[in-house]
Amino acid sequence: MAEEKKNILTYEGLKKLEDELQNLKVVRRREVAQKIKEAREQGDLSENAEYDAARDEQREIENRIAEIDKILKNAVVHEEDSQNSETINFGCTVTYEDMESHESFTYKVVGSTESNILEGKISNESPIGSKLIGSKVGQVITVETPNGTLNYKITDMRYAD
């Protein structure tokens with residue numbers, strides 16, 4: 001049997017998943033069970049839209065619980081290492097500038113499980129994230145993308161937000 005991929009998480013990401021799991025198991029399950037009970041009391045289930053919607057919601061909750069359980073089962077918490085403050089590593093927030101457009105970007109380097117570009121979190125496995133790891137402020141990194149080669153200058157880095 002193939003070994004499952006380890007999910008690298010920050011402590012913050014681990015806590016967020018544990019809190020979501022607790023909420024799903026304790027609060028959301030109870031809410032949906034109540035909705036299903038109320039829909040059953042209305043009579044004929046074959047044409048009961050509320051019952052169908054509640055069952056769909058229940059299925060989504062159970063799928064998310066299973067997904068989080070799987071993530072946590074294979075989770076490795078990466079301690080954010082501020083001792084080596086000159087080198088970018090996992091958990092570091094990095095600001096870099098596009099050498100062509102001079103547009104500036106700031107992202108925290110996290111594992112793929114936590115990555116969310118809209119929340120300012122970039123995966124350590126992404127083309128940019130993997131190039132940032134091990135780099136230093138002032139360094140220029142070159143990233144190959146489907147749209148061509150991009151060059152970024154690292155302008156700032158910090159640990160802990």
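Me: Before we look at the pocket, I should fix a term: helices are DSSP runs of H or I with at least four residues, numbered from the N terminus. In this predicted model, which helix gives the largest share of the lining of the largest pocket?

Reply: The largest pocket is lined by 14 residues, and two helices, α1 (11-40) and α2 (49-73), each supply at least two residues of that lining. The largest share amounts to five residues, and the helix that provides them is α1.

Me: Into which classes do the residues of that lining divide, and how many are charged?

Reply: Among the lining residues, Lys16, Leu17, Thr113, Glu114 and Glu119 lie nearest the centre of the pocket, which encloses about 210 Å³ of space. Taken as a whole, the lining divides into three nonpolar residues, four polar ones and, for the charged class, seven.

Me: Turning to the sheet, which strands stand at its edges, and why is one side of each left without a neighbour?

Reply: Five strands form an open sheet with mixed pairing, in the order β5-β4-β3-β7-β6. Two of these strands have a single partner each, so one side of each is left without a neighbour in the sheet, and these edge strands are β5 (121-123) and β6.

Me: Which residue in β7 stands opposite Val143?

Reply: Strand β6 (residues 140-145) and strand β7 (residues 148-159) run antiparallel and are joined by six bridges. The two strands form a hairpin, with two residues between them. Across this pairing, the residue of β7 that stands opposite Val143 is Leu150.

Note on methods. Residues are numbered from 1 along each chain as its sequence is written. This is a predicted model: local features need pLDDT of at least 70, side-chain atom pairs count only at pLDDT 80 or more; totals for chains, interfaces and linings use all residues. Side-chain values use heavy atoms; hydrogens and water are left out. Two strands pair if DSSP finds at least two bridges between them. On a 1 Å grid over the protein atoms alone, a cavity is a set of points where a 1.4 Å probe fits but cannot get out, and a pocket is an open set with protein on both sides within 12 Å along at least five of seven lines; lining residues have an atom within 4 Å of a point. Grid points are joined across faces, edges and corners, and a volume is the space filled by probe spheres set on the points. Ala, Val, Leu, Ile, Met, Phe, Trp, Tyr, Cys and Pro count as nonpolar, Asp, Glu, Lys and Arg as charged, and the others, Gly among them, as polar.
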